[in-house]
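Here is a set of short exercises to work through with the structure on your screen. Try each task by yourself, then follow the solution step by step.

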Amino acid sequence: MSNYLSKLLGEENVSENESDIVAYSTDASQLEGVTSFVVWPRTKEQVHQIVLYARRNKKDLVVRGAGTNLVGSVIPQNSIVMDMSKMNRILKASKLRFYVEVEPGANPLKLNNLLKKVNLELPVTPSSEEICTIGGMIATNCYGIKSTGYGPIRKWVSELEIIDGSGRLITVRGSKIEDFCGTEGTAGIITRAKLKLIERRPQTSITIYEFDDILDLLQKVRKLKNENVLVMEFISKQLQKHFTENPKHLLIVEYESDQGQITEKGEIERILENLKKTPKRLFSKKLINIEDVRIKEENLQRFLVYLEDYNIPSYGHISLGIIHPVFKKTEEERIEKMYDFVKEKDNSCIGSFGIGISKKKYASYEIKEKIKKLKLQYDLDNILNKSKII
């Protein structure tokens, strides 16, 4: 490890302690890699110097938020791990112009708690909002439970400041944002993000629909597509049976208006909080392999019936076709068979979690070609998040 980096960042911001090496060699995917050492930059100038150091020493660099991703996007391979958690400031905000500028390590839950005071919010928040970072959300183009109404985080990013693999500082807007949003840190390191905000809705409501039959549920989903719906989350009967004696297929719908059955604000917040805790609840039942697929609308019935027939629990953003089948650790063979079934009808084995290491084999030719072009443009030496996606 370099004395140069210790002097540049301060000894407390560079580590090759065994406990850090072990902690940073994995993420929520439970895959394991090898960490060379860990750095915690505090400024974009320090990020710039770390990139130049990595290039000089032919080391690759893995940029990490909170490590909450489930596909191994930040697994190091004898890499320097750059933890962005100390670059967590809110830089600027405008109540009149509905935007906020943040550093990549800012946490979405803390941000929204602050914005609540001025009746604003960032409407896309994933289930890991308590610990994840905005930089990580953008890098994976994450979805949240309100993505039926608000889409993925890409819709809310208006500007990014990036340091690329050659050390250049660039500001991107418009379609150029796609070079860095959803490309999992393979093209550049986010040092600042400008995000669009909305006014907090004064009145929403929720109805929890219950079904015995998956066909009835899908019929309801189709009917609701033209309604003003913010949340449309599906929880299968097979998942529910781990938590209740009389399981049903659930469809949890949050309306923009007061047309839902539940209108009390505290109760609505409690239901939405419970939805976000679904992964944690599953872990408690040893259902730790949460998979991620995107199913075409015309194939949803066939896929959900398949999951039911094979007793595979699932949940997800059903209006977007994003379904998360859930398995125990020992069920690798069943997982592979499920993915084979998904591929049959030209659905996508990649839903909303990203690609990382674990989904590389399912990445389309178009995605791989896009990453290769971005590498030529922004990271010729291939030091940024090497071996992810391609």
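**Exercise 1. A sheet of five strands**

In what order do the five strands of the open sheet that holds β5 lie, and which strands stand at its edges?

Solution. Keep in mind that you are looking at a predicted model.

- Step 1: Walk across the open sheet of five strands, and you meet them in the order β5-β6-β10-β8-β9, with antiparallel pairing.
- Step 2: Look at the two ends. β5 and β9 (169-172) each have a single partner strand, so one side of each has no neighbour in the sheet.
- Step 3: Follow the turn of the sheet: from one strand to the next, the twist averages 15°.
- Step 4: Zoom in on one pair. β6 and β10 (residues 188-196) run antiparallel and are joined by four bridges. Here E101 has K194 in β10 as its bridge partner.
- Step 5: Add a helix. α3 lies across β8 (157-164), β9 and β10, and runs at about 45° to β8.

**Exercise 2. The loop between β5 and β6**

Are K95 and F98 buried, partly exposed or exposed?

Solution.

- Step 1: Find the loop. K95 sits between β5 (90-94) and β6 (99-102), and F98 has its place in the loop between β5 and β6 too.
- Step 2: Use the cut-off for K95. Exposed means over 50% relative accessible area. K95 has 53%, so K95 is exposed.
- Step 3: Now take F98. With a relative accessible area of 31%, F98 is partly exposed.
- Step 4: Check the backbone of F98: phi is positive, about 55°, although F98 is not a glycine.
- Step 5: See what K95 touches. Leaving aside neighbours within four places in sequence, K95 is in contact with V118 and L120.

**Exercise 3. A sheet of four strands**

Which strands does helix α3 touch when it packs on the sheet of β1, β2, β4 and β3?

Solution.

- Step 1: Put the strands in order. The open sheet runs β1-β2-β4-β3, and its pairing is mixed.
- Step 2: Find the edges. β1 (14-15) and β3 (61-64) each have a single partner strand, so one side of each is left without a neighbour in the sheet.
- Step 3: Look at one pair. β3 and β4 (residues 77-83) are parallel and share four bridges. In this pair, R64 is matched with D83 of β4.
- Step 4: Bring in the helix. α3 (residues 44-56) packs on the sheet and touches β2 (34-39), β3 and β4. The direction of α3 makes about 170° with that of β4.

**Exercise 4. From β13 to β18**

Which residue of β17 stands opposite F234, and which residue of β18 stands opposite G316?

Solution.

- Step 1: Begin with β13 (229-235). Three bridges join β13 to β17 (residues 314-317), and the two strands run antiparallel. F234 stands opposite G316 in β17.
- Step 2: Go on to β18 (residues 322-327), which pairs with β17 in the antiparallel sense over four bridges. G316 stands opposite I323 in β18.
- Step 3: Look at the turn. The hairpin of β17 and β18 has four residues between the strands, and G321 takes a positive phi near 75°.
- Step 4: Visit S236, in the loop between β13 and α8 (237-240). Buried means under 20% relative accessible area, so S236, at 1%, counts as buried.
- Step 5: List the contacts of S236. Not counting residues up to four places away in sequence, S236 touches K248, H249, I312, P313 and S314.

**Exercise 5. Two packed helices**

Are α11 and α12 roughly parallel or roughly antiparallel?

Solution.

- Step 1: Recall the description. Two packed helices are described by the angle between their axes and the distance between the axes.
- Step 2: Read both values. α11 (residues 300-309) and α12 (residues 332-344) pack at about 165°, with their axes 11 Å apart.
- Step 3: Apply the cut-off. Angles over 145 degrees count as roughly antiparallel, and α11 and α12 are therefore roughly antiparallel to each other.
- Step 4: Name the contact. R302, F303, Y306 and L307 of α11 meet K337, M338, F341, V342 and E344 of α12.
- Step 5: Sort these residues by class: six are nonpolar, none is polar and three are charged.

Key. Residues are numbered from 1 along each chain as its sequence is written. This is a predicted model: local features need pLDDT of at least 70, side-chain atom pairs count only at pLDDT 80 or more; totals for chains, interfaces and linings use all residues. Side-chain values use heavy atoms; hydrogens and water are left out. Axes are lines fitted to C-alpha atoms, for helices over the stretch in contact, and angles run from 0 to 180 degrees between N-to-C directions. Angles under 35 degrees count as roughly parallel, over 145 as roughly antiparallel, 65 to 115 as roughly perpendicular and the rest as oblique. Contact means heavy atoms within 4.5 Å. Ala, Val, Leu, Ile, Met, Phe, Trp, Tyr, Cys and Pro count as nonpolar, Asp, Glu, Lys and Arg as charged, and the others, Gly among them, as polar. Buried means under 20% relative accessible area, exposed over 50%, partly exposed in between (1.4 Å probe, protein chains only). Two strands pair if DSSP finds at least two bridges between them.
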